[in-house]
Structure formats: structure tokens, C-alpha cells
Amino acid sequence: MNRPTNRLAGETSPYLLQHQHNPVDWYPWGDEAFERARAEDRPVLLSIGYSSCHWCHVMERESFEDENTAAIMNDRFINIKVDREERPDVDSLYMAAVQRMTGHGGWPMTVFLTPEGEPFYGGTYFPPEPRHGLPSFKQVLLAVSEAWNERRDEVHRSAGDLTQMLRDAAAVQPPPGTLDAGLLDRAASEVIQRHDARHGGFGAAPKFPQPLILEFLLRHAHRTGRDDVLPPVVHTLRWMARGGIYDHVGGGFHRYSVDARWLVPHFEKMLYDNALLARTFLSAHLATGEEEFRFVAQDTLDYVLRDMTSPEGGFYSASDADSEGEEGKFYLWTPEEIDAVLGATDGERLRRAFGVTSHGNFEGKNILNLLPRGDVPLAEWHAAAAEGRATMMPVRQKMLEARARRVSPGLDDKVVTAWNAMMLRSLAEAGRFLQRKEYLDAAVRCAEFLQDRLWQDGRLLRTYRAGVAKIPAFLDDHALLVDALVALYQATFDPRWIAFARTLADAMLELFWSKEERTFYDTAADTSTLLVRPRELNDSATPSGTSAAITALLRLGALTGDGRFAQVVEAVLPPLGGVAERFPQAFGELLTAIDMHVNGIDEVAIVGRPGANDTAALLEVVRNGYRPATVVAFRPVDEQGPAHVPEIPLLEGRELVDGAAAAYVCRRFACERPVTQPAELLEALDRT
């Protein structure tokens, strides 16, 4: 039977479309809803969530699908539904309001607004009946409606005060900090003091992977040689790779672990987590040589290419935690299910390796894991984990095929520019360093897709689904894509990617940079219509737009020598140094950017005949080892001589040496004498 739809039926967001059959008279975010609120003098009920959010689904089933609850909402409010992944600006503003009102935040988030958009009451999940000290959602609706009708002055006073607090907070500029190696050293020390020496990670449960912090620590250990920085990173990555947060059958990581041991995940899978974690494990492999880290990086990327890639070359956003109304059901196993797939002998071997028991470790079933069984010596655990992976590999395809016959979790198949950019960079770097052509091909295909479909009429757009690109892109979309294109150029040496990166960087500075205030904003100057123009500084699960912009400008500037990029970095960074040092775990990407700014970036210009042995030998040097503070450019030579690459001034004047391929190692465009032997290039890189 066809159920009636509401206005959300015309949207493209899978999250909004999930609510198209609710009896609630939902509006998407936009002027129409607020105009009606003003015309009818009604408050706005703003509901924010995302498609893979477990409690968002719960609240929908309990309240938004309930006819009685919907009747109250429709009679007393103008109701707006927002996908936080489409509109991070709306989410950021009203999350800040809810946190100020309640002391905490999360999703689903419900905020009550005046018709002018000013918040006056809000919260996160509300149950259908009072429980655990929370009022029921109906009680909240009736109380807010009563306040709006009977105590309007009080509501407006509260809304005005809260709005002013949000404006004041947005206007605060942190005091300048000292940007030097000491800041980075102190920040690293502060982070590793929180390391869980038993189970890895930082702090107590729940535990999030925090790849941005792990990347910073890897860089810091490499640069300083401190012997106390690298071990916590390696320890943490091993626990995550062997825990239940990692999908040992299909590859890739779940969102986070609800326990301290990384055993029980919150089962949704996000593109951004897997993009960043693949890069972190790749970096750790390059830094340490550990093959386990290489395997996890490749396995994660293979999962994305298999399960999260659109026919057009973009990458999907997320898969749900739930299937058939149960969290994690798709990923859990009983001993009988394993034996039915593999037979008694192989089944018993796999069950023993992955800790499968008759009583299970999650609601009577089993999350596969390679965590230590009791207090085994470290060497025994490493050996057991390696044996477990070896046990899985011959039977993995059978397990994967059996699991594919289950009801799959919901897939959010929208393409988000910023998240695709992070995956693009990870694929480009894995293709470059691991010599995996399929990764480079996927990275190029994604870049072409983003350029063709999400760069329209000189503007970048945020999302794409079902042939429709929409919503003006935000700062992080621009910055992360610039950064990814720099990585793609270094993997392919195709100058069109640097040309596109420069075009995007110009747009980013025009739309988001305020020279007068010396700051970046998250929304474009010509599109922001919110009460407060958002400016998120801290890095969360993904880099903030500001941190990503600094990183992108530093890396692009090292290749192009564009002085504007350095001027912006030097203007925006000093006020951020102090907060990064005081709260380092909230500024992983920013600390990496500060590291590049303080310690500089090595610029390597290689000139040679494509495909020639001497050229390949020099390029092989920059493909091996962990050198995170290095950018590489290539000037091809043919019968007519060295090519002119106008996008990269670093290459100008670089010539063959006595007919042989040559490498020039530079710092801030001051170059050492050219070298022609791989050993000489390696020595020059180690010297800088």
C-alpha cells in the first residue's frame, strides 16, 4: 500500500527521504518554513540527525511515526528536518545552542526556534514516555507550546540572550600563541599522558579512533626521534586492528568502540573514518615497516572500493548500524552459522582464532576479534593475531558471501565532497606508496567525478545524489579537496590536478577568508544566512575547515610558491597555537599544520625522461620511507627538451645533468645542487 508523503519526498538526502512517509508535516531547511512560521506566529521545531544514527531511527519509530505525536507537532509547530551531513552549518550553530542550554549534545537533536530562527529550548533524544529522568517527547511539545502561548516575553528574552551568547562566542579570537617546536613537544606529551597503556587509545570508554591525533604523533616521533611517542601509536593501532571495531570479514572500521578494549563497536561505518584510518595505517606502515598496518590500510580501501563506490566514481557516505531493526545484526555470528558456511574443521579453526563461543560476547552472538584471551605475553598475542589473519584469508570469501545473503544495513548513498576528498587523498597516497594501480585509477576517477559533477559554474557544491548536485560547498569541502588534489598530483604528476587545486584555493580565499578579521569562516560570505556565521576551530572526527585550509595552503604553496598562501597561514595560525597546546586532543590536524609551518616542507623537483631507468630510480627514493614533510614535483623531458609546467614554478629552470635524470632538494625554494644518484638523493632528504 502506498503511504502518503510529506515535503521531504522531493529531497535527495537518504536521511530526509527516510522521513518522507512520517505523518509529520516536515519541511526541509529553507525560507518557506520560516515564512510560514512568521505568518502563522508559530514556533519552529527543528530536528537534526543523519541516516546512520541509531537513536535517530529509534526516535522516528517512537515519535515521528506516531499519529498522536505528529498531530501535536503539526498543530502547534512548523517542523523542519535537517540532515547534519548536508548542512553542517545549521548543525554546528544549533548544536552550540543545545550544549549551552543542557551541557551536552548529540543526535537526534531537537531545537525549538522563534520564527526568526533564534533558539530558546532544545535537547537530544526524548523518549515516548518519561524514563530515566527524561520527560516524554509529548510532554516537551506541550510544555514548549504552552510557554510560547502563555509566556511569550520570557521565551523571547531567553532566545535573545542565547543568540547573543552565540554571537559573542563566535566573535572571540583566541590570544596569540608562540608557534615553535616547544609547543609541538608539549602537545605530544600531553596527549601520550592520556594513553591507555593496557588497551591502547586515549582516555576511557567510549573510545574513538582519533586518526588525526595519531597522524600528528607519527610525524612528531619521526621528526624528533622521541622514544616515548611512537609506541603509544603502534600499540593503539594494533588494538584497533585486532578488535571488534574492525570488520574482520569485510574490512573497514565501525564508528567507535563502546568499551575500553575496542571489542564492541557502534556498528555504523562512515566514509570519513575509513578514509582517515586507511591513511593513518598506511603512514604507520611507512614509518615502522609493520606489514599488519599495510594489510589493514589496503583492506580498508578494498572495502570502500567494493561496497562504498558509486558507478560514477564517487564514494557513498555511510552504512547503518542497524538491520532488521537490530543494532549490529548483520555483523554478528553464532558458532552454528560459521560451521554451516565453512564446515566443522575450518569452522572450528576460525572460531578458536576469533574468540567465538556458544554464549557470545554481544547479546548472545559473537563479534569476531583477535584481542588477547587473558593476560598472554605480548609476543604470543602478536603470533596469535597473525595466525588468526592467516586462518581467515582462505575462507574469507565464503564468509563474505554468506553475510551478503543477510539483510544489509541501510546505505546512505549520497556523495559528500569533503568526505570524498579525504578518500581521494588516501587512495592517491596508497596507490603511490604501495604501487597499486587500482587505487590510483579510483582516485583519478573520483577527482574527475567531483570536477565534472560538483564544480558547476565556478562554484563547488556539497552533495550529490541521484544525478543532483546541491548546496553551496563549505570551507572543509574546498580545503580537503585542494589537499587531495595535491596528493593526486604527486601520485600521477598530471598538472591538471594542480591547476584545479589552485582554482579551488582561489575560490576558498575569496569566499571564506576574512582578511580584516584574520580568520576563516565555515560558510561562504555570499551564502551565509544564519544567525551567526559559523567558525568551527577544533578538529573532531574530521579536520575543521580552518585546519584543513591551513594544511592545504601549506602543501599547495610548497609546490606553487604562491605568496598569498603563506601570508594567509601566517595571519591565521598564531591565534590558534595557544588553544592547540592547551587542548591538543581536539586539534590533531591543526597540530600537523603547525608542524609543517614551524619545521618547513622539503620540496623535491625531479626532472627526467618518463619511463627511463634513471628517472625511475630517483622516483623510487621518494616513494619509499616515511617523509610526511615532503612534496614532490616532476618535469618530464622528451626530444624537444624539458616540458614547461606553468602550474608549478618549482620546476622552472630544472634541467638534466649531463643528460641524466636529476633531483633538486629545496627548502622554501632555495635548492641544493642537483643530484643524479639515488643514494645522493636519499642522503639529501635525510639531511634536511
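**Reading pockets, cavities, strands and disulfides**

Tutor: Welcome! Let us begin with a pocket: α5 (88-102) and α7 (152-171) each supply at least two residues of the lining of the second largest pocket. Please keep in mind that this is a predicted model.

Student: Thanks! How is empty space found, and what volume does the second largest pocket have?

Tutor: Rolling a probe the size of a water molecule over the atoms shows where empty space is left. Here, the second largest pocket has a volume of about 600 Å³. It is lined by 22 residues, and the closest to its centre are Ala-169, Ala-170, Arg-535, Glu-536 and Leu-537.

Student: Which element gives the largest share of the lining of this second largest pocket, and how is that lining divided by class?

Tutor: The largest share comes from α5, with 5 residues. By class, the second largest pocket is lined by 15 nonpolar, 3 polar and 4 charged residues.

Student: Now the cavities. How many of 30 Å³ or more are there in the whole structure?

Tutor: A search of the whole structure gives 6. The largest cavity holds about 430 Å³ of space. Its lining has 26 residues, with Arg-219, Arg-425, Glu-429, Arg-627 and Pro-628 nearest the centre.

Student: Which elements each supply at least two residues of the lining of the largest cavity?

Tutor: You can trace them along the chain: α9 (211-224), α11 (271-288), α17 (417-434), α19 (475-492), α21 (545-560), α24 (588-599) and β20 (630-638). In the lining of this largest cavity, 10 residues are nonpolar, 7 polar and 9 charged.

Student: What is the volume of the second largest cavity, and which residues line it?

Tutor: Its volume is about 80 Å³. Among the residues that line the second largest cavity are Gly-244, Tyr-246, His-248, His-254, Trp-333 and Arg-403. Its lining divides into 7 nonpolar, 3 polar and 2 charged residues.

Student: Next, helices. What should I look for in one?

Tutor: An α-helix has 3.6 residues a turn, so residues three or four places apart point the same way. Take α18 (residues 437-453) as your case. Buried residues of α18 include Tyr-439, Ala-442, Ala-443, Cys-446, Phe-449 and Leu-450. Cys-446 counts as buried because its relative accessibility is 0%.

Student: How far apart are the end C-alpha atoms of α18, and what span is expected?

Tutor: At 1.5 Å a residue, the 17 residues should span 24 Å, and the end C-alpha atoms are 24 Å apart, so the two agree.

Student: And the strands? In which sense do β15 and β16 run?

Tutor: β15 (residues 459-465) and β16 (residues 468-472) run antiparallel, joined by 4 bridges. For one partnership, look at Thr-463, whose bridge partner in β16 is Lys-470. The two strands form a hairpin with 2 residues between them, and Ala-466 in the turn has a positive phi of about 55°.

Student: What is the order of strands in the open sheet of 5 strands?

Tutor: The order is β21-β20-β19-β22-β23, and the pairing is mixed. At the edges are β21 (641-642) and β23 (670-671), each of which pairs on one side only. Within this sheet, β19 (residues 602-608) and β22 (residues 662-667) pair in the antiparallel sense over 6 bridges. Val-604 has Val-665 in β22 as its bridge partner.

Student: Last topic: what is a disulfide, and how many are found here?

Tutor: A disulfide is a covalent bond between the sulfur atoms of two cysteines. The whole structure has 2 of them, in the pattern 1-2, 3-4 when bonded cysteines are counted along the chain. One joins Cys-53 to Cys-56, with an S to S distance of 2.3 Å. The link of Cys-53 and Cys-56 is right-handed, with 80° about the S-S bond.

Student: Are Cys-53 and Cys-56 buried or exposed?

Tutor: Cys-53 counts as buried because its relative accessibility is 4%. Cys-56 is buried too, with a relative accessible area of 1%.

Student: Which cysteine is joined to Cys-666?

Tutor: Cys-671 is, with an S to S distance of 2.0 Å. The torsion about the S-S bond of Cys-666 and Cys-671 is about 95°, so this disulfide is right-handed. Cys-666 is buried at a relative accessible area of 2%, whereas Cys-671, at 30% relative accessibility, counts as partly exposed.

Technical notes: Residues are numbered from 1 along each chain as its sequence is written. This is a predicted model: local features need pLDDT of at least 70, side-chain atom pairs count only at pLDDT 80 or more; totals for chains, interfaces and linings use all residues. Side-chain values use heavy atoms; hydrogens and water are left out. On a 1 Å grid over the protein atoms alone, a cavity is a set of points where a 1.4 Å probe fits but cannot get out, and a pocket is an open set with protein on both sides within 12 Å along at least five of seven lines; lining residues have an atom within 4 Å of a point. Grid points are joined across faces, edges and corners, and a volume is the space filled by probe spheres set on the points. Ala, Val, Leu, Ile, Met, Phe, Trp, Tyr, Cys and Pro count as nonpolar, Asp, Glu, Lys and Arg as charged, and the others, Gly among them, as polar. Two strands pair if DSSP finds at least two bridges between them. A disulfide is a pair of cysteine sulfur atoms within 2.5 Å. Buried means under 20% relative accessible area, exposed over 50%, partly exposed in between (1.4 Å probe, protein chains only). The expected span of a helix is 1.5 Å times one less than its number of residues.
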